[in-house]
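This report goes through a few local features of one protein model. Please look at the sequence and the structure before reading on.

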Amino acid sequence: MHVVSYALFLVALFQCRFLAFAILDPIDFLALQSIRKSLHDLPGSNFLASWDFTSDPCNFAGVYCASDKVVALNLGDPRAGSPGLTGRIDWAIGKLSALAELSIVPGRIYGSLPESISQLKGLRFLAISRNFISGNIPVTLGRLRRLKTLDLSYNQLTGGIPRSIGTLPELTNVILCHNHLSGSVPPFLSHVLTRLDFKHNALSGSLAPYSLPPSLQSLSLSWNRLTGPVDKLLPRLNHLNYLDLSMNQFTGPIPGRLFSFPITNLQLERNSFSGPVQPTEQVTIPTVDLSHNRLSGHLSPMFSTVQNLYLNNNYFTGQVPSSFVDRLLSASIRILYLQHNYLTGIEISPTAEIPLRSSLCLQYNCMVPPVQTACPLKAGKMKTRPTSQCKG
């Protein structure tokens, strides 16, 4: 009797253990096996050591399950400085039908993004940055209607940004910076989009007035080849707290209303913006860089409340407002770069002492600088413009 009971106990125990290891959906189990075969730890990483398929895959590093399905896959050791993984992303990733989150830490993952990712209808978070992913962004990613975050930054992607991505209704973050993407910026229809980062690509063309939603809080398009005016687009984006359009070929005026937005850092340098700049109220943005454009007219005293102000290499004329001098001498202005313009005067005593923590550069204008200050090396050695350039 005792022998029979013990035998039944062993059978029950075996069944429990078997169920514990076999609880995962077989399709997900096989998919994880395929994914594992295509990936390897870089030297110094032992992330995949726990991927022993004689045990429960839901206990593997980076694998998270709900019921019998894999719902999140975070591949690689997330600690800063960890070596990461190498290999390819296997097409079997598309078999994880309940996957809501897929991320791969920085490493040496190469090859193209498999189109099978588009089969993950419930995917909300896709982040594969700082690897060596190449090829085009699959147009079929537009099928991921629940996607909220798309981060493919710091890879080697080429081709255009598919218009289908712009139609995703729940997107909040799109980060595609530091790739080799070309073509135009597609319109984005999501009413909850807050961050768009496409800097350091080869994007071209212009931005239509209604191509981006007013929900945007951070917009970074620097280091591209974008052209055309933005004076109809920018006034609509009144929730911006970060804007960087530098190193492009944008033209036309800078809308004065832009300077009243809750922006902490405004970077519009090295474009072809032109005309006068007239903020509608006192500017409270800590850093404003409008240098290396074609801006003209008088300096607005509304800029005197900016801490770091770069207006150099433009076509500004007339006197520097006295409010700039007052705030500079009180160290409220930290950086005031006005070099390489056509300014004709500034009311400051030659014996005035510029605070050590403040920087002023006035050289190469239509005046002799009344105070000698240290300027950036790029400003050159000439103190004033030739008189021939200052007539009229």
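## Strands, loops and cavities

Strand β22 (residues 294–298) runs parallel to strand β24 (residues 315–320), and three bridges join the two. The model is predicted. One of these contacts can be followed by residue: His 298 has Thr 317 in β24 as its bridge partner.

Strand β24 is also joined to strand β26 (residues 342–346), by four bridges, and this pair runs parallel. Which residue of β26 is the bridge partner of Thr 317? The partner is Tyr 342. Thr 317 is thus a bridge partner of His 298 and also of Tyr 342.

Next come two loop residues with a backbone angle worth noting. Most residues other than glycine have a negative phi. Ser 67, a residue other than glycine, has a positive phi, near 60°. The place of Ser 67 is the loop between β2 (63–66) and β3 (69–75). Is Ser 67 buried or exposed? Ser 67 counts as exposed because its relative accessibility is 66%, and the cut-off for exposed is over 50%.

Trp 223 has a positive phi as well, near 60°. This residue is found in the loop between β15 (218–220) and β16 (225–229). With a relative accessible area of 45%, Trp 223 is partly exposed.

The last topic is enclosed space. How many cavities of 30 Å³ or more does a search of the whole structure find? The search finds two. The table gives their volumes and the classes of their lining residues.

| Cavity | Volume | Lining residues by class |
|---|---|---|
| Largest cavity | About 50 Å³ | four nonpolar, three polar, one charged |
| Second largest cavity | About 30 Å³ | seven nonpolar, one polar, two charged |

The largest cavity is lined by Leu 362, Gln 363, Pro 369, Val 371, Gln 372, Thr 373, Cys 375 and Lys 383. Lys counts as charged, so Lys 383 is the one charged residue in this lining.

Around the second largest cavity lie Ile 35, Ser 38, Leu 39, Leu 75, Arg 88, Ile 89, Asp 90, Ile 93, Leu 102 and Ile 104. Asp and Arg count as charged, so the two charged residues here are Arg 88 and Asp 90. Leu 75, in the lining of the second largest cavity, belongs to β3 (69–75), the strand on one side of the loop that holds Ser 67.

Technical notes
Residues are numbered from 1 along each chain as its sequence is written. This is a predicted model: local features need pLDDT of at least 70, side-chain atom pairs count only at pLDDT 80 or more; totals for chains, interfaces and linings use all residues. Side-chain values use heavy atoms; hydrogens and water are left out. On a 1 Å grid over the protein atoms alone, a cavity is a set of points where a 1.4 Å probe fits but cannot get out, and a pocket is an open set with protein on both sides within 12 Å along at least five of seven lines; lining residues have an atom within 4 Å of a point. Grid points are joined across faces, edges and corners, and a volume is the space filled by probe spheres set on the points. Buried means under 20% relative accessible area, exposed over 50%, partly exposed in between (1.4 Å probe, protein chains only). Two strands pair if DSSP finds at least two bridges between them.
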